[in-house]
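Student: I'm new to this structure and would like a close look at just one part of it. Could you walk me through the sheet in one of the chains, strand by strand?

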Amino acid sequence: MAKIIIDNEAFECRDGISVLQAALDVGKQVPHYCYHPGLSVVASCRLCLMEMKMPHPKTREMGWAPKLMPSCQTPVRDGMEVRFNTEKVEDNQKNCMEFFLLNHPLDCPVCDQAGECHLQDYSFEHGRSESRMVDQKTKNPKKDIGPDTLLYSDRCVLCTRCVRFTEEITGTSELGLVNRGSRAEIDVFPGVPLDNPLQGNVVDLCPVGCLLDKNFLFKRRVWELEGADSICPGCATGCAIRVDHADEKVYRLKPRFNPGVNDWWMCDEGRFGYEYVHDAKRVTTPVVRRGKDPHTPVWHEVAEICRFRLTEHVREHGAASVVAVLSPFMSCEEAWLLARFVREVAPESALVMGPVPIEGEPQRFPTGVGEADAKFTILSEKCPNRRGIEMILEAAGGEVLSFETFVERAGAGDFSGAWIAGGYPKPWVEKNVGKLAAKFSLLVVQDLFENELTTAAAVVLPARAWVEREGCFVNAGGKVQPFNRAIRSAGGGWHDGQYLHAVAGFDGLYNVGRVRELMAATMPAFENVQSAPLKPAHAH
Amino acid sequence: MAAYEPVLLRNRGVEGSTSLKVYESRGGYQSFKKAIKMTPDELIEEVKAANLRGRGGAGFPCGVKWSFLPKDRKRTLLCVNADESEPPTFCNRVLMEHDPHQLIEGTIIAGYATQAQIAYIYLRVEFHEQFHILQKAVDEAYAAGYLGKDIGNGYKLDIYLHRGAGAYVCGEETGLIESIEGKRGEPRIKPPFPAIEGLFRMPTVVNNVETLSNLPHIIERGAAWFTGIGPGHSSGPKLFCVSGPVKKPGCYEGPMDITVRELIDRDDFGGGMVSGKKVKAVFPGGVSMGVLTADELGMKMDFDDPRNYGLLGLGTAAAVVVDESVEMRMVLRNLARFYGTESCGQCTQCREGTGWMHKIATRIAEGAGRLEDLDILLETARNMGMMPGLSICGLPDGATYPIETIVKKFRSELEESIASQPQGRSDLVLSVLN
């Protein structure tokens with residue numbers, strides 16, 4: 001730990017970081033554009049300049065150096081003294097803001113970044129209220145640089161974060177600088193669009209409204225959005241994300257800092273992979289079929305119906321005839337509640353790990369690096385909670401089957417009562433699985449979309465998308481990560497946790513914290529589950 | 001006063017001066033043979049003793065620069081800065097055109113002193129003819145065994161010529177390094193300095209053509225001879241360029257004790273103004289150092305005196321004379337345009353500041369200036385540059401000095417031209433605030 005003095009105040013800070021990062025860590029508001037903790041330092045925006053005490057070149061006496069120093073480029077040293085609260089530093093910030101806005105179109109009313117724009121913020125804090133430039137602005141062009149991204153170079157501040165991202169994190173180097181002076185702009189090479197699997201991060205990195213996400217373009221003003229801390233369910237990496245939503249609709253996903261898991265980034269597959277949430281074809285209401293007439297029960301009857309039907313089945317066919325398939329899209333809490341219920345009603349029942357979707361090979365970045373050097377990995381396991389379900393199954397004990405064994409034994413008629421949890425965003429019921437429906441005299445299915453199982457099931461329960469639920473997932477690295485609910489369930493009504501809580505026989509409102517406490521009694525991994533990060537590591 | 005005997009330009013005008021044969025016949029490569037028998041440390045000490053200050057513009061002592069190289073380095077690279085891009089400057093060009101072997105010999109001596117195995121000569125792209133002259137000389141030197149494997153004392157050196165792509169900023173040493181690496185010419189943040197981590201992340205020395213051309217003579221005649229030429233802190237022969245409406249524009253050599261007036265008027269230099277022209281202003285060190293008025297021509301062309309006249313330094317010692325028929329607002333626009341297009345665009349203040357100054361200067365030149373524009377120019381000039389710590393390289397300092405000195409020293413003329421500009425040109429002002 002280095003001890004440094006910032007603005008006359010002593011702080012302890014981590015070794016090896018820059019003065020800027022140290023100042024940000026202790027809550028100082030130091031404006032900066034080009035600096036980003038996940039990227040190399042270029043010290044080109046010149047906003048974070050500070051004054052520093054240095055030995056006089058002749059007398060060696062310590063005093064404030066006449067030159068300003070870039071705080072992003074200066075590493076902390078024990079005993080150093082710096083200051084940001086002086087006229088010199090503030091004058092530079094003010095001048096910089098005037099320079100940044102000289103050729104900026106000031107089109108905030110039609111800019112997606114407005115409201116979360118660091119040109120707006122810094123101008124408000126450090127800039128002047130009117131421009132002194134009366135000349136025609138230099139207007140750099142708006143460009144379509146890839147399938148998902150636009151580049152409005154007239155709004156660019158040339159911080160080059162995006163360029164460095166494609167060089168250092170993805171290793172694809174699609175972006176570069178062309179031209180000089182105030183004509184300098186970010187561009188792609190002709191015919192080579194920005195289309196790497198992590199390209200969406202450049203939009204997040206852009207501190208201004210230059211890089212824009214086509215999927216979010218003109219959809220919503222950002223101040224109308226609310227954010228919910230969540231975990232991406234796209235693969236087993238388990239990136240920490242924020243779900244930005246308004247009016248029960250998800251507008252965009254943004255990565256949250258999560259050291260060692262996704263750092264500051266997320267992949268496009270995860271970022272844009274939420275479309276199914278608002279698919280009109282989703283199952284939104286529970287359906288009960290007895291005889292031929294399906295009907296929709298009111299929500300508070302659902303638990304009782306499920307309990308009654310399964311108890312009845314066990315009485316008629318025995319507990320060993322019951323099987324429950326837990327989905328790797330369920331939260332740990334939901335899986336635990338379902339397992340608990342099934343084992344309570346049918347103690348000799350079999351529990352099954354649902355199919356784990358695998359697509360291709362893991363993609364590591366920068367491209368071409370091995371596992372050890374990867375800065376970001378998109379895993380081929382396309383579900384968020386295989387590890388979590390395995391933990392639940394292990395703790396539940398008794399008969400635990402793989403999905404293949406289940407299909408085989410169910411096909412042979414070993415089970416007549418089944419509870420199958422789905423919740424896969426993509427169609428998952430293969431022909432051989434669909435055929436099993438006929439083998440069960442009682443079939444309860446939880447799923448997102450209609451399929452051969454739901455059409456045959458005695459009870460269909462709508463599975464909810466992860467943004468409509470809460471709980472925790474365990475990622476491939478074994479990290480237990482909680483996610484919060486962002487929006488209400490499609491079509492209204494209860495979400496999986498709520499109805500499973502009631503099915504499992506608990507009274508009152510569903511409270512994930514309370515469920516997790518109960519789980520922690522046998523599974524200590526669920527004690528004190530914290531959302532990452534505990535402290536934001538970076539202002540923007 | 002005895003006539004000055006040219007050192008660096010001694011072969012200019014000699015028939016076939018670019019050929020190895022003629023160069024050798026005039027004592028060429030003898031210094032190399034002498035130097036290769038010395039140790040690198042002895043060489044560095046000799047150059048330090050000569051107080052050879054860098055001729056590229058900053059005047060940093062060459063020997064001291066070499067001694068920044070880490071002692072335990074495994075490889076060293078040498079870059080020769082021949083990206084002579086400063087307006088009115090053409091001393092390096094003359095050296096390469098007339099005496100390429102002098103540069104090659106200097107490069108070999110510097111390479112041996114720094115134990116560099118490879119030297120890159122970085123030429124600005126416009127040097128087509130000079131490139132071919134130099135390449136031919138390098139080929140000759142290889143054939144004669146002055147370059148290549150074991151050229152003496154177990155030392156080997158390869159020289160590669162590298163041509164730029166037309167950027168002023170590549171004359172800045174780290175911009176030059178980036179450009180040789182095949183990257184966009186943008187100066188690097190320092191530290192690390194090139195001596196520690198330069199070209200291809202290896203310890204690197206960057207020296208100017210003229211600096212290196214001095215080396216054979218220092219080795220041949222000794223440091224004491226060198227320090228005997230010119231004033232104390234600015235010793236050794238120096239090339240001066242003079243251009244503009246003088247009778248004999250060109251590149252001349254002399255000790256650094258002459259004045260700007262002498263440079264213009266003396267018969268062995270500019271030879272006086274062409275008839276009917278009067279000096280109005282002089283940019284004595286390349287335009288980036290700033291301007292002198294006709295009253296300030298007593299300035300000495302050495303490393304120290306320019307500061308006394310509000311200039312940035314000696315620069316390239318290339319004087320361009322502006323005569324009375326030229327309006328300063330036109331000069332202002334011309335210079336502002338140069339820096340506006342040559343800023344690399346990395347640092348905010350320089351990228352936007354030079355562009356803004358260009359716009360303002362254009363407006364003043366077009367007859368739509370406002371009096372407050374002059375203050376904005378001065379303020380903008382104060383708000384950029386490496387000296388106050390606001391930028392990565394020195395380009396914005398060079399951009400602000402000419403603008404600032406023109407506005408300060410010729411303010412009344414500019415004010416007058418703004419006041420007397422014809423009505424109706426306010427169409428150039430987009431939004432009039434006052």
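Tutor: Happy to. One term before we start: two strands count as paired if DSSP finds at least two bridges between them. Keep in mind, too, that this is a predicted model.

With that in hand, here's the sheet in chain A. It is an open sheet of eight strands, in the order 16-15-24-23-22-17-18-21, and the pairing is mixed. Strand 16 (293–295) and strand 21 (399–401) of chain A sit at the edges with a single partner strand each, so each has one side left without a neighbour in the sheet. Going from one strand to the next, the twist averages 15°.

Now let's settle on strand 22 of chain A, which covers residues 417–421. Five of its five residues are buried, so this strand is largely enclosed by the rest of the structure. Here is a general point that helps with the next bit: in a regular strand, side chains alternate between the two faces of the sheet. In strand 22 of chain A, G417(A), W419(A) and A421(A) point one way, while A418(A) and I420(A) point the other way. Residues on both sides are buried.

Who are its neighbours? Strand 22 of chain A pairs with strand 17 (residues 322–326) of chain A in the parallel sense, over four bridges. If you want a spot to find on screen, look for W419(A), which has A324(A) standing opposite. Strand 22 of chain A also pairs with strand 23 (residues 442–447) of chain A, again in the parallel sense, over five bridges. There, A421(A) has Q446(A) as its bridge partner.

Step across to strand 17 of chain A and you can carry on to strand 18 (residues 350–353) of chain A: these two run parallel and are joined by four bridges. In that pairing, V323(A) stands opposite A350(A).

Helices come into the picture as well. Helix 7 (residues 299–317) of chain A packs on the sheet, and strand 22 of chain A is one of the strands it touches, along with strand 15 (287–290), strand 17, strand 23 and strand 24 (459–462) of chain A. The direction of helix 7 makes about 145° with that of strand 23 of chain A. Helix 8 (residues 332–345) of chain A packs on the sheet too, touching strand 17, strand 18 and strand 22 of chain A. Its direction makes about 175° with that of strand 17 of chain A.

Key: Residues numbered from 1 in each chain as written. Chains lettered and ligands numbered in written order. Predicted model: local features only at pLDDT ≥ 70, side-chain atom pairs only at ≥ 80, totals over all residues. Buried ≥ 20, exposed ≤ 12 C-beta atoms within 10 Å, placed from the backbone. Axes fitted to C-alpha atoms, helices over the stretch in contact; angles between N-to-C directions. Contact = placed C-beta atoms within 7 Å.
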